Amino acid sequence: QVQLVESGGGLVQAGGSLRLSCAASGLTFSAYAIGWFRQAPGKGREFVAGVRRSGGGTYAADSRFSISRDNAKNTVYLQMNSLKPEDTAVYYCAAAVGMSFQAAGYAYWGQGTQVTVSS
């Protein structure tokens, strides 16, 4: 059974930083690309960052965010800096066989972690 578990969310003031973690189990972790998406109330799910299965290619929708993976720990990290109130959303990690910037490309999803940025 594939499980993706996000952690590290919470309440932070504008300008602050958070590091989210995504721990995976039940799959050959190194064989999957991992993406982070977020969804704010009333909005669709949007791509935040992604990392190829080899870790050789990383992508972020905003230069304030960076993604990394540790295949030995079956974990992916999302570092978020200079946070803004508009970054407030539920953040999800997801696994896909191939790198994708679309939510539909991901087969497995975590339950999400709330990030709230206060002004």
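A residue counts as buried when its relative accessible area is under 20%, as exposed when it is over 50%, and as partly exposed in between. Keep these cut-offs in mind for the views below, which show a predicted model.

**View 1. S82 sits in a loop and has a positive phi.** Look for S82 in the loop between β8 and β9 (89-96). S82 has a relative accessible area of 40%, so this residue is partly exposed. Its phi is about 50 degrees, a positive value, although S82 is not a glycine.

**View 2. N74 is another loop residue with a positive phi.** Here we move to the loop between β7 (65-70) and β8 (75-80), where N74 is found. Phi of N74 is near 55 degrees, and this residue, too, is something other than glycine. Is N74 buried, exposed or partly exposed? N74 has a relative accessibility of 24%, so the residue counts as partly exposed.

**View 3. Strand β1 has one covered face and one uncovered face.** Strand β1 takes in residues 3-7. Which residues of β1 lie on the covered face? They are L4 and E6, while Q3, V5 and S7 make up the uncovered face. Try following the strand residue by residue, and you will step from one face to the other.

**View 4. Strand β1 pairs with strand β3.** The partner strand, β3, is made of residues 18-25. β1 and β3 run in the antiparallel sense and are joined over five bridges. To find one place where they meet, start at L4, whose bridge partner in β3 is A24. You have already met L4 in the previous view, on the covered face of β1.

**View 5. The whole protein is built with 11 strands and zero helices.** Stepping back, we can place the close-ups in their setting. The secondary structure comes to 11 strands and zero helices, so the pattern along the sequence is β-β-β-β-β-β-β-β-β-β-β. The C-alpha atoms fill a box of roughly 40 × 25 × 20 Å along the principal axes. A compact globule of 119 residues would have a radius of gyration near 14 Å, and the protein agrees with this because its own value is 13 Å. Of the 119 residues, 43% count as buried. Among contacts between residues at least 6 apart in sequence, 59% join residues at least 24 apart.

**View 6. The surface and the charged side chains complete the picture.** The accessible surface comes to about 5800 Å², and 46% of that area belongs to carbon and sulfur atoms. The protein carries 10 positive and 6 negative side chains. How far apart are the centres of these two sets? They lie 6 Å apart.

Definitions and conventions. Residues numbered from 1 in each chain as written. Predicted model: local features only at pLDDT ≥ 70, side-chain atom pairs only at ≥ 80, totals over all residues. Heavy atoms only, no water. Buried < 20%, exposed > 50% of the residue type's maximum accessible area, 1.4 Å probe, protein only. Helix = DSSP H or I, 4+ residues; strand = E, 2+ residues; numbered from the N terminus. Pairing = 2+ DSSP bridges. Rg over C-alpha atoms; globule rule 2.2 N^0.38 Å. Contact = heavy atoms within 4.5 Å. Areas by Shrake-Rupley, 256 points an atom, 1.4 Å probe, with all protein chains shown as cover. Lys, Arg positive; Asp, Glu negative; His and termini not counted. Charge placed at Lys NZ, Arg CZ, Asp CG, Glu CD.
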